[in-house]
Amino acid sequence: MAQAAYDVIVIGEGVSGLTAAGALAAAGLKVATIEGTLFGGLVLNVNELEPGPEGREVSGAELASEMMQANAEAGVTSIQEPVTAVRTADGVQEVTTDSGTHTARHVVVASGGRLRRLGVPGETEFEGRGVSQCADCDGPMYQDENVIVVGGGDSALQEALVLADYARKVHLVHRRDTFTGAAHFADQVKANAKIAVVWNATVEAISGSKMVEKARIKHADGSTEELPCAGVFAYIGLEPNVEFLPPEVDRDAEGLVKTDPTLQTSVAGISAIGAVRSGYEGTLNHAIAEARLAAGTIAAKLSSR
Ligand SMILES: Cc1cc2nc3c(=O)[nH]c(=O)nc-3n(C[C@H](O)[C@H](O)[C@H](O)COP(=O)(O)OP(=O)(O)OC[C@H]3O[C@@H](n4cnc5c(N)ncnc54)[C@H](O)[C@@H]3O)c2cc1C
């Protein structure tokens with residue numbers, strides 16, 4: 001077996017990756033995290049986490065900064081490079097980035113997901129000119145405007161509530177007749193006089209001149225209507241960040257990485273945790289629990305060799 005530079009490389013500095021890296025370093029292992037963009041992942045721009053991690057009231061940015069700081073103090077190396085490939089060679093995991101190859105005895109894939117796009121005409125054209133996926137960042141720009149939120153899960157409900165603090169009216173367009181998000185979010189949405197739910201409908205097109213001015217809504221009976229709006233925010237689920245993984249790492253029909261109960265993938269020496277994993281239950285508390293479980297298993301395995 002070739003010599004590896006690290007015991008463990010964790011791909012992704014979201015909450016799951018940062019938690020795993022901290023736990024692995026605390027177990028005495030030499031650990032690096034590799035992040036392709038900004039540390040923090042999906043919650044970086046969420047001002048009020050609900051649920052907060054382990055019951056805490058903290059913003060996503062505060063949480064991520066605290067975790068980065070703690071990891072640095074625990075000796076975790078943080079590398080800012082997007083991972084482009086992972087492969088096993090001579091018993092060692094090789095993690096390739098734009099700048100070179102890093103080696104480890106074990107890899108934890110914690111690369112999460114990215115918000116799905118609607119894929120409708122006007123969406124790309126009006127990106128940054130009314131089309132957004134960050135309610136906390138862009139909400140203040142929609143003071144007294146009409147906005148549309150698309151989706152019916154936790155994120156759509158949570159972000160519709162954020163936007164209702166600024167907008168005159170939020171139309172929440174959902175393709176089903178019930179929400180899939182948590183009941184407490186659904187109750188708040190239904191009780192909010194500024195939010196009107198458009199059930200059994202989809203957004204077909206976004207249009208305007210310089211900025212977004214309206215969206216075409218298609219109802220289940222085939223009829224359409226033009227809803228005037230200044231903003232369109234889509235929260236219709238996540239696409240897993242898995243493009244860099246070798247085909248031997250089994251995925252489910254949605255591309256999420258399959259694992260066994262110890263969170264090991266189909267390839268020895270590669271584990272997967274958090275939003276990239278098939279079966280992930282979706283909150284930060286689940287991310288933290290998975291990260292600790294994987295770290296415990298990996299630490300026990302590596303220290304017995
Ligand atoms: C709008 C919104 C609001 C939410 N609010 C809450 C909340 O209030 N409470 C709650 O419990 N949950 C909330 N969630 C869910 C929560 O964000 C996720 O469950 C959790 O953040 C998943 O963490 P993760 O570390 O698994 O993945 P991610 O947060 O997606 O982190 C993955 C990291 O990997 C990096 N990465 C990806 N590909 C590569 C690559 N090739 N190379 C290097 N790095 C890479 C990404 O840049 C990212 O930093 C919310 C989700 C959304 C979308």
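Biologist: What makes β12 and strand β13 a pair, and in which sense do they run?

Modeller: In this predicted model, seven bridges join β12 to strand β13 (residues 212-219), and the two strands run antiparallel. Two strands count as paired if DSSP finds at least two bridges between them, and therefore the seven bridges of β12 and β13 satisfy that condition. Within this pairing, V203 has I217 in β13 as its bridge partner.

Biologist: Why are β12 and β14 said to stand at the edges of the sheet?

Modeller: The sheet is an open one of three strands, in the order β12-β13-β14, and its pairing is antiparallel. β12 (201-208) and β14 (224-228) each have a single partner strand, so one side of each is left without a neighbour in the sheet. Neighbouring strands of this sheet are turned against each other by 25 degrees on average, with direction ignored.

Biologist: Which strands pair with β15 in the parallel sense, and how do you know that they pair?

Modeller: Strand β8 (residues 131-132) is joined to β15 by two bridges and runs parallel to it, while strand β9 (residues 146-150) pairs with β15 in the parallel sense over four bridges. The cut-off is at least two bridges, so both β8, with two, and β9, with four, count as partners. F233 in β15 stands opposite S132, and F233 is also the bridge partner of V149.

Biologist: Which residues of strand β15 point one way and which the other, and are they buried or exposed?

Modeller: In a regular strand the side chains alternate between the two faces of the sheet. In β15 (residues 231-234), G231 and F233 point one way and V232 and A234 the other way, and all are buried.

Biologist: Why is E54 called buried or exposed, as the case may be?

Modeller: E54, which is placed in the loop between β2 and α2 (60-73), has 10 C-beta neighbours inside 10 Å. A residue is exposed if 12 or fewer other C-beta atoms lie within that distance, and therefore E54 counts as exposed. Its phi is near 50 degrees, a positive value in a residue other than glycine. The loop between β2 and α2 also holds P51, and the peptide bond from E50 to P51 is cis, with omega near 5 degrees.

Biologist: How do you know whether D144 is buried or exposed?

Modeller: D144 has 9 other C-beta atoms within 10 Å; the limit for an exposed residue is 12 or fewer, so D144 is exposed. D144 is found in the loop between α3 (135-138) and β9, and its phi is positive, at about 60 degrees, although D144 is not a glycine.

Biologist: What does the domain assignment give, and how many residues does each domain bring to the contact?

Modeller: The assignment gives domain 1 (6-114 + 238-303) and domain 2 (117-234), with C-alpha centres that lie 31 Å apart. The contact takes five residues from domain 1 and five residues from domain 2. On the side of domain 1 that touches domain 2, the residues divide into one nonpolar, three polar and one charged.

Biologist: From which domains does the shell around the ligand draw residues, and which residues come nearest?

Modeller: The shell draws at least three residues from each of domain 1 and domain 2. Of the 36 residues around the ligand, G12, G14, G41, G112 and G274 come nearest. The elements that give two or more residues to the shell are α1 (15-26), β2 (31-35), β7 (113-115), α4 (154-164) and α6 (284-303). The residues of the shell divide into 16 nonpolar, 16 polar and four charged.

Technical notes
Residues numbered from 1 in each chain as written. Predicted model: local features only at pLDDT ≥ 70, side-chain atom pairs only at ≥ 80, totals over all residues. Near = placed C-beta within 6 Å. Nonpolar A, V, L, I, M, F, W, Y, C, P; charged D, E, K, R; others polar. Domains from an automatic or database assignment. Axes fitted to C-alpha atoms, helices over the stretch in contact; angles between N-to-C directions. Contact = placed C-beta atoms within 7 Å. Buried ≥ 20, exposed ≤ 12 C-beta atoms within 10 Å, placed from the backbone.
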